[in-house]
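The following exercises concern a predicted model. Each task is followed by a solution worked in steps.

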Amino acid sequence: MAAQELINILERTVTGSQADLENARNFLAKAAEQNLPELLKQLSDILNTTTNNPTARTQAALQLKNALYSRDNIEAYRERWLRIPEDVRAHVKNNCFNALGTETSKPSQAAQCVGYIACAELPHGQWRDLIERLVANVTTAGRADNIREASLEALGYICQDIEQKVLEPQSNVILTALVYGMRKEETNDNVRLAATTAMLNSLEFTKNNFQNDSERHYIMQVVCEATQSANLKIQVAALQNLVRILSLYYDYMEYYMGPALFAITMDAMKSTHDEIALQGIEFWSNVCDEEYELQLDQQEAQEQNRQPERTSRYYARGALPYLVPVLLQRLTMQEETDDDDDWNPCKAAGVCLMLLANCAENTIIQYVFPFVSENIKHTDWRHREAAVMAFGSMLEGPDVASIKPIAEQAIPFLLELLRDSNVAVRDTTAWTIGRIFEFVSQAVMNDELLRAIGNALVNGLGDVSRVATNICWSFSSLARAAYEHAECPDDDDTPNTYLLSPFFDEIVKKLVETTDRPDGNHSNLRNAAYEALMEMIRHSPKDCYVTVQKTTVTVLDRLNRVISVESHAANPNDRVQISDLQSLLCATLQSVLRKMHPNDAPLISDPIMQALLQMLKTSSGKTCVVQEDALVAIGTLVEVLGINFLKYIDHVLPFIYEALNNHAEYQICAAAVGVVGDLSRSLLDKLAPYCDLIMTHLLTCLGDDKLHRSVKPQILSTFGDIALAIGGYFKKYLEHVLNTLNQACRAQVSKTDYDMIDYLNELHEGCLSAYTGIIQGLRNSVTNTGDSSAALVELQLVTVQLPFIVQFIETIARDQNKSDSIIGAAIGLIGDLVTSYGQQMLPYIERDTIEKLVAEGKRSKVMKTKTLATWATKEIRKIKNN
């Protein structure tokens with residue numbers, strides 16, 4: 001293809017008609033398909049020819065970037081680049097590098113191309129001289145400012161996207177360039193800004209430099225000096241560096257906090273420029289986050305009678321007298337028309353105040369409460385709203401005894417402010433009342449006060465959508481608080497009555513009305529109203545059961561109405577709203593079903609089942625979420641009906657098989673796996689006749705590499721549910737399942753990839769659940785006969801796997817990243833193995849790793865893990881004593 005022809009096509013992607021644009025895109029896609037290396041060469045030539053039209057050069061760089069990088073498939077694109085012949089890659093790299101600083105538009109497109117290529121090549125030891133060449137561009141005297149700026153941008157892109165271990169050996173040389181570009185002596189602001197932005201991206205891998213006093217001092221000096229630049233963008237970028245440095249290197253900050261950081265960030269918080277003020281507030285929010293975590297670590301260390309690994313310097317507590325007045329002042333600077341999506345210093349100050357309250361605990365009260373008292377009846381709405389926001393923000397942190405009298409004192413004022421003339425005041429008041437229910441519910445738990453608050457909130461549901469949304473949230477918090485406050489009979493988890501009982505029906509009725517408001521789409525009101533309705537139902541006592549029954553009928557009626565209008569909805573927006581409504585109704589249906597008396601559920605299950613199957617029947621135009629929600633609701637119905645669900649099994653299974661085959665929309669597949677687990681637990685051995693097909697589908701899912709990995713641990717766990725349900729019938733699937741578990745147990749992941757570490761934990765937990773279910777299922781299938789030797793015969797099928805299973809448990813025991821739930825599952829399996837195999841397990845349980853794991857479980861703060869460890873210890877003691 002001639003260069004001029006390609007230039008014309010690239011220009012048409014910007015300046016042509018819609019048809020021209022389509023044709024140009026198709027042409028470029030076809031050229032890439034036919035000969036990608038040649039196309040990349042030509043694009044890089046166009047980018048590097050300074051006499052070309054700037055539009056063509058920019059578009060050439062854009063096409064290059066699209067060929068080098070895709071957010072959805074980063075690794076595949078990098079591998080494709082590495083497969084291109086070396087001479088072509090060298091040609092493209094050379095052109096991209098030489099184009100740095102020659103473009104007329106900013107930021108540099110060539111710098112991005114260099115960054116993407118570097119991220120593909122550097123981890124494989126290729127383009128080794130790139131970093132040195134970029135650094136030379138920055139630090140060599142006489143280099144044009146444009147080249148220095150673009151080279152710094154390229155370094156920033158590389159630092160941002162590459163694994164830190166790749167650049168660690170070159171961190172010194174990179175830092176040299178960045179610090180050189182950031183110095184106050186640098187006269188070109190664009191260069192200084194590019195260096196400051198690149199520094200922000202490099203902070204992750206400069207750990208060694210921060211451990212060295214002199215290097216750290218110089219980095220901090222340069223960053224602090226940059227915060228004093230007259231250029232607003234440089235100031236903001238430098239403050240962003242300080243925010244990040246504080247989070248990464250908190251332990252080294254003592255030397256700088258008093259002399260520099262405190263003054264710099266306090267000035268920033270007071271700035272008239274929102275971008276600067278936000279960074280100042282963010283700095284102190286991060287200080288609070290860090291110190292709150294360190295406080296929790298310290299408490300844990302004290303409980304375990306050891307020294308904490310790191311200690312808090314209590315910067316936030318020390319700065320309280322200076323920080324709080326600035327934050328409170330910021331709270332009074334609201335916008336007249338506040339957009340929920342706009343993040344501004346006023347909102348950031350509210351969040352920072354909440355974090356400070358968590359850190360400072362009771363001490364926060366003396367700094368905030370005087371402001372609340374002085375401003376809560378102020379003539380200016382901004383001050384009233386700020387007072388309420390400040391009060392709501394300090395509720396989490398101080399102990400209940402200290403905050404309760406203040407909350408009691410505040411309630412009358414808050415009820416009055418729910419009728420304030422200003423909408424922002426009413427909105428924040430509704431939120432604050434919800435916070436009282438959440439953190440100091442003891443202040444409102446009496447009949448008279450709750451009646452007054454309940455009336456005010458019910459009336460408030462008629463307010464504008466943003467206020468009504470926060471009132472819905474308050475009802476959610478109130479329902480939970482009243483339920484926790486209620487007294488339960490000794491043998492029951494559900495109280496007979498509670499403080500909301502006299503007006504429970506009234507609240508539910510009003511919430512149901514609110515879900516139907518015409519402005520339900522505004523401020524997330526419809527979702528909030530349904531959420532509140534669900535919380536009210538979930539946390540309802542026995543004397544409100546009639547309302548639960550009525551709500552079930554209402555929800556079912558609405559669901560049927562929505563399903564009937566769905567087929568007539570032609571407008572895509574209408575279809576989205578209908579799908580959202582179906583999801584909300586399904587979720588509400590689950591809440592009411594779980595509260596149904598066992599005798600009542602079968603009376604209404606037919607129409608519920610009909611509605612849910614109808615939702616699954618037409619998949620055309622259905623969103624994935626609706627099908628998922630329908631399946632989850634069916635799972636709840638299975639739980640509630642138990643063995644009575646058997647009459648629906650033949651109607652439901654075809655939809656479950658269809659969902660299990662839907663590997664593209666993995667959430668639907670996962671929901672179907674969940675229903676199979678529910679069926680196992682409810683139908684027990686009555687599920688056996690259907691298991692051949694169920695197991696075939698589940699094994700097929702596991703064998704598909706394209707199925708999202710999150711579904712696979714769930715399937716392994718479901719094997720355990722099925723085995724436990726059908727007992728001896730499971731033997732025919734045992735060989736397949738044990739082989740699958742064998743492979744899953746051997747899986748390994750990178751220790752630096754936290755997502756994969758989480759996945760490995762889930763996979764291991766799935767394996768442990770499967771082994772537990774299999775062993776319990778086989779043992780229970782003959783235990784009823786009272787013949788323990790018969791149980792051992794059944795278990796012989798697994799006996800050959802015992803050394804491997806114990807080895808797997810030992811691998812988990814040695815894993816530093818194991819979660820608490822995995823410790824519990826592993827110990828539970830040990831207990832089951834000991835109970836089932838008796839003396840055969842003696843050589844295994846005396847191993848040091850197993851003993852340490854059980855001891856670790858006994859120290860756990862999670863009650864379930866602790867209980868399992870105690871039970872396993874007793875079982876082990878039994879066989880040792882025998």
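**Exercise 1.** State the volume of the largest cavity, identify its lining and sort the lining residues by character.

*Solution.* The largest cavity has a volume of about 90 Å³. Its lining consists of G101, T102, E103, S105, K106, P107, S108, N146, E149, A150 and E153. Sorted by character, these residues give two nonpolar, five polar and four charged. Two of the lining residues, K106 and P107, are joined by a cis peptide bond with omega at about -5 degrees. P107 belongs to the loop between α5 (86–99) and α6 (109–121).

**Exercise 2.** Determine how many cavities of 30 Å³ or more are counted, and describe the second largest cavity.

*Solution.* The count is five cavities of 30 Å³ or more. The second largest cavity has a volume of about 50 Å³, and P54, R57, T58, E103, T104 and S105 line it. That lining divides into one nonpolar, three polar and two charged residues. E103 and S105 appear in the linings of both the largest and the second largest cavity.

**Exercise 3.** Classify the geometry of the ring pairs Y255–Y256 and F730–Y733, and assign each residue a burial class.

*Solution.* The structure holds 10 aromatic pairs. In the pair Y255 and Y256, the ring centres are 5.1 Å apart and the planes stand at 75 degrees; planes over 60 degrees apart count as edge-to-face, so this pair is edge-to-face. Y255 is exposed, at 55% relative accessibility, whereas Y256 is buried, at 7%. For F730 and Y733, the centres are 5.7 Å apart and the planes at 70 degrees, so this pair is likewise edge-to-face. Here F730 is buried at 1% relative accessibility, and Y733 is buried at 8%.

**Exercise 4.** Which residues form one aromatic cluster, and over which rings do the charged ends of R133 and R709 sit?

*Solution.* F262, F283, W284 and Y322 form one aromatic cluster. The charged end of R133 sits over the ring of F97, 3.9 Å from the ring centre. For R709 the ring is that of Y759, and the charged end sits 5.5 Å from its centre.

**Exercise 5.** Test whether the end-to-end distance of helix α16 agrees with its number of residues, and describe phi of N305, which follows the helix.

*Solution.* Helix α16 covers residues 274–303, which is 30 residues. The expected span is 1.5 Å times one less than the number of residues, so α16 should span 44 Å. The end C-alpha atoms lie 43 Å apart, which agrees with that expectation. After the helix comes N305, with a positive phi near 60 degrees.

**Exercise 6.** Locate Y314 and E361 and compare their phi values and burial classes.

*Solution.* Y314 lies in the loop between α16 and α17 (315–331). Its phi is positive, about 55 degrees, although Y314 is not a glycine. E361 is in the loop between α18 (345–360) and α19 (363–375), and its phi, near 55 degrees, is also positive in a residue other than glycine. The class between 20% and 50% is partly exposed; Y314, at 34% relative accessibility, therefore counts as partly exposed, and E361, at 31%, is partly exposed.

**Exercise 7.** Place L457 in the structure, give its burial class and state the distance between its C-alpha atom and that of S474.

*Solution.* L457 is part of helix α23 (residues 447–460). With a relative accessible area of 0%, L457 is buried. Its C-alpha atom is separated by 8.3 Å from that of S474, although the two residues are 17 residues apart along the chain.

How values were computed: Residues numbered from 1 in each chain as written. Predicted model: local features only at pLDDT ≥ 70, side-chain atom pairs only at ≥ 80, totals over all residues. Heavy atoms only, no water. 1 Å grid on protein atoms, 1.4 Å probe; cavity = no way out; pocket = protein on both sides within 12 Å on 5 of 7 lines; lining within 4 Å. Points joined across faces, edges and corners; volume = space filled by probe spheres on them. Nonpolar A, V, L, I, M, F, W, Y, C, P; charged D, E, K, R; others polar. Phe/Tyr/Trp six-rings, centres within 6.5 Å; stacked < 30°, edge-to-face > 60°. Buried < 20%, exposed > 50% of the residue type's maximum accessible area, 1.4 Å probe, protein only. Lys NZ or Arg CZ within 6 Å of the ring centre and 35° of its normal. Helix = DSSP H or I, 4+ residues; strand = E, 2+ residues; numbered from the N terminus.
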